[in-house]
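This report describes the spaces inside one protein model and the ligand bound to the protein. The sequence and structure come first, and the text then goes through cavities, pockets and ligand contacts.

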Amino acid sequence: MNAPVTLQRLGADAARFVAKEKKLYIDGTWVPAMEGGTIDVIDPATGKAFDRVPEGKAADIDRAVAAARKAFDDGPWANMTPADRGKLVWKLGDLVERHADELAELEALDNGKPVTDARNGDVAFSYELLRYMAGWSTKICGQTIPLSAGAPFHAYTLREPVGVCGQIVPWNFSFMMAVWKVAPALAAGCTIVLKPAEQTPLTALRLAELVEEAGFPAGVFNVVTGYGETAGAALAAHPDVDKVAFTGSTEIGKKILDAAKGNLKKVSLELGGKSPMIVFADADPAVAIPAIAYGIFYNMGQTCTAGTRLYVHKDIADTILTGLKAFAESMSIGVGLDPKTQIGPLVSQEQFDRVSAYVKAGLADGAKLYCGGNRAGTEGYFLEPTILTETTSDMSVVKEEIFGPVLVVATFDDDDIDSVVKEANNSIYGLAGSVFTRDVSRAHKVAKKLKAGTVGVNTHHVIDPALPFGGFNQSGWGREQGYEAILLYTEVKSVGIAL
Ligand code: NAI
Ligand code: MG
């Protein structure tokens, strides 16, 4: 792997942003945290701090919520036409695209992810999503409803913005997760307090600068950097917040629910996953192998939809595994900011330890190490793409979300779909799944039977701004993307007019 020289690889714009003193963005102004504390920002390629951001706490959340409340209840935002709102969201998309290289570099530095993936994935998806959602601004409608029992009313529904939204996002796709939440909320006319993950706060602050540059009214969008247990918890519990949207672990998702209880704010949750990939004997290896490798190793496996469990028919298992091993061993491991990098470091020491402990536990439980498993390099949080075979359903590596570049493999020998689908569905999660086969009928049957919010056929990761995304079971509540996301940020009001 390449030596972790990182900061020097930044372009001029990203370097300028890193050099700036970071502040919270509240009510259209930049302010330090009230208690003055800061959080170090760590470069996962070296483990060293290179920046710091304010440590916002409950008092900062109070200020930000008050600004969002005012902007929603009284501000110019509330009276803006849908067309003007849509234009601002579109403009934000244009600004994100104009600064795409800079945003990708900041994300690659802060999170460790490959800059090429950040540019073509995270950032490109984000500006396309902003434009997609900008289009919805002018198309959010109620219905006229003929009353069923014949009351003499003319009745219709209004679809109104839900109000002040607290949005709490994780570190794995920090910028993109923020935009997933911000874009539909703005399009629907809500106001926002965003809390990015403490590990990766930079791109949310850069997004706030772009919001300011686009010309959104003060208070519509606020960013408070801070820890989950303090700033995050205060936001989720705040009585003046109408809705909380969260992406992160299932464990914290449950805490968000508890916190939201006080004022029964609306809740949407995108949580963990343990997504299966099923390969039948008739699958095309040339299609399946790269798709599976991308399914598990993209973003170093720190992807909620990662295909982490592989069920492969024994007649094709050797071919698939040999191909996967060659693929894994050919991946270029290095610092995120190197455009050739395919595998960067994990985000933090904590994640590195967590994932390494899972690999160890899997081996202790009797799984076989097929490839990888070692730390790469001598500094930073690099882990080789890893494949464990001969796994069984009782192992922690098969049951729990690892959130690292670790594929667990089991074989099956039944041509029938039922037993393998039953195994695939044997999880507390239900975010995604995929099936590889050339039999069209079998593909549709498996797609129907998998308990998952998104299913891929002869591919694994399936996402698009127009396509609903979310989880069955403990993978979450609600769907983001598409019109479904607009539904998450609106409330329905029924109006009856006595005739
Ligand atoms: P986390 O769920 O603790 O963090 C996600 C976000 O929630 C961060 O912004 C954090 O500051 C905030 N948060 C933490 N505690 C909070 C609280 N009590 N109230 C409100 N907000 C709070 O995830 P973490 O600890 O970074 O990662 C642990 C595991 O979670 C990972 O190994 C992975 O398995 C899973 N995870 C899943 C993600 C997904 O996309 N589904 C994303 C990140 C983590
Ligand atoms: Mg946590």
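## Cavities

The model is predicted. Searching the whole structure gives 4 cavities of 30 Å³ or more. The largest cavity has a volume of about 60 Å³. Its lining is made up of 15 residues, and those closest to its centre are P276, R309, A424, A432 and K451.

Two strands, β12 (275–279) and β17 (432–436), each supply at least two residues of the lining of the largest cavity. By class, this lining contains 7 nonpolar, 5 polar and 3 charged residues.

## The largest pocket

The largest pocket holds about 1,000 Å³ of space. It is lined by 39 residues, and W171, F246, G248, S249 and I252 are the ones that lie nearest its centre. Two or more lining residues come from each of the elements α9, β10, α10 and α13.

Which element gives the most to the lining of the largest pocket? The answer is α10, with 6 residues. In terms of residue class, the lining of the largest pocket divides into 18 nonpolar, 11 polar and 10 charged residues.

## Ligand 1 and its surroundings

Where does ligand 1 sit? Ligand 1 is found in the largest pocket. It is surrounded by 27 residues, of which V169, W171, E198, S249 and E401 are the closest. W171 and S249 are also listed among the residues that lie nearest the centre of the largest pocket.

The shell around ligand 1 draws at least two residues from each of α9 (228–237), β10 (243–247), α10 (250–260) and α13 (349–364). These elements also each give two or more residues to the lining of the largest pocket. Sorted by class, the shell has 13 nonpolar, 9 polar and 5 charged residues.

## Polar contacts of ligand 1

Oxygen atoms of ligand 1 have polar partners in the protein, including V169, N172 and K195. For V169, the partner is a backbone N or O atom, which lies 2.8 Å from an oxygen atom of ligand 1. For N172, a polar side-chain atom lies 3.3 Å from an oxygen atom of the ligand. K195 likewise places a polar side-chain atom 3.0 Å from an oxygen atom of ligand 1.

How much of the accessible area of ligand 1 does the protein cover? On its own, ligand 1 has 810 Å² of accessible area, and the protein covers 91% of this.

## The second largest pocket

About 260 Å³ of space lies in the second largest pocket. Its lining has 17 residues, and F173, M176, Y298, H461 and I463 are those that lie nearest its centre. The helices α6 (115–136) and α7 (174–188) are the elements that give two or more residues to this lining.

Of the elements, α6 gives the most to the lining of the second largest pocket, with 5 residues. The residue classes in this lining are 11 nonpolar, 5 polar and 1 charged.

Notes:
Residues are numbered from 1 along each chain as its sequence is written. Chains are lettered from A and ligands numbered from 1 in the order in which they are written. This is a predicted model: local features need pLDDT of at least 70, side-chain atom pairs count only at pLDDT 80 or more; totals for chains, interfaces and linings use all residues. Side-chain values use heavy atoms; hydrogens and water are left out. On a 1 Å grid over the protein atoms alone, a cavity is a set of points where a 1.4 Å probe fits but cannot get out, and a pocket is an open set with protein on both sides within 12 Å along at least five of seven lines; lining residues have an atom within 4 Å of a point. Grid points are joined across faces, edges and corners, and a volume is the space filled by probe spheres set on the points. Helices (H or I, at least four residues) and strands (E, at least two) are DSSP runs, numbered from the N terminus. Ala, Val, Leu, Ile, Met, Phe, Trp, Tyr, Cys and Pro count as nonpolar, Asp, Glu, Lys and Arg as charged, and the others, Gly among them, as polar. A residue is near a molecule or strand if one of its heavy atoms lies within 4 Å of it. A polar contact is a pair of N or O atoms within 3.5 Å; within protein, one must be able to donate a hydrogen and the other to accept it, and residues adjacent in sequence count only if both atoms are side-chain atoms. Accessible areas come from the Shrake-Rupley method with a 1.4 Å probe; for residues, only the protein chains shown count as cover. A molecule sits in a cavity or pocket if more than half of its atoms lie within 2 Å of its grid points.
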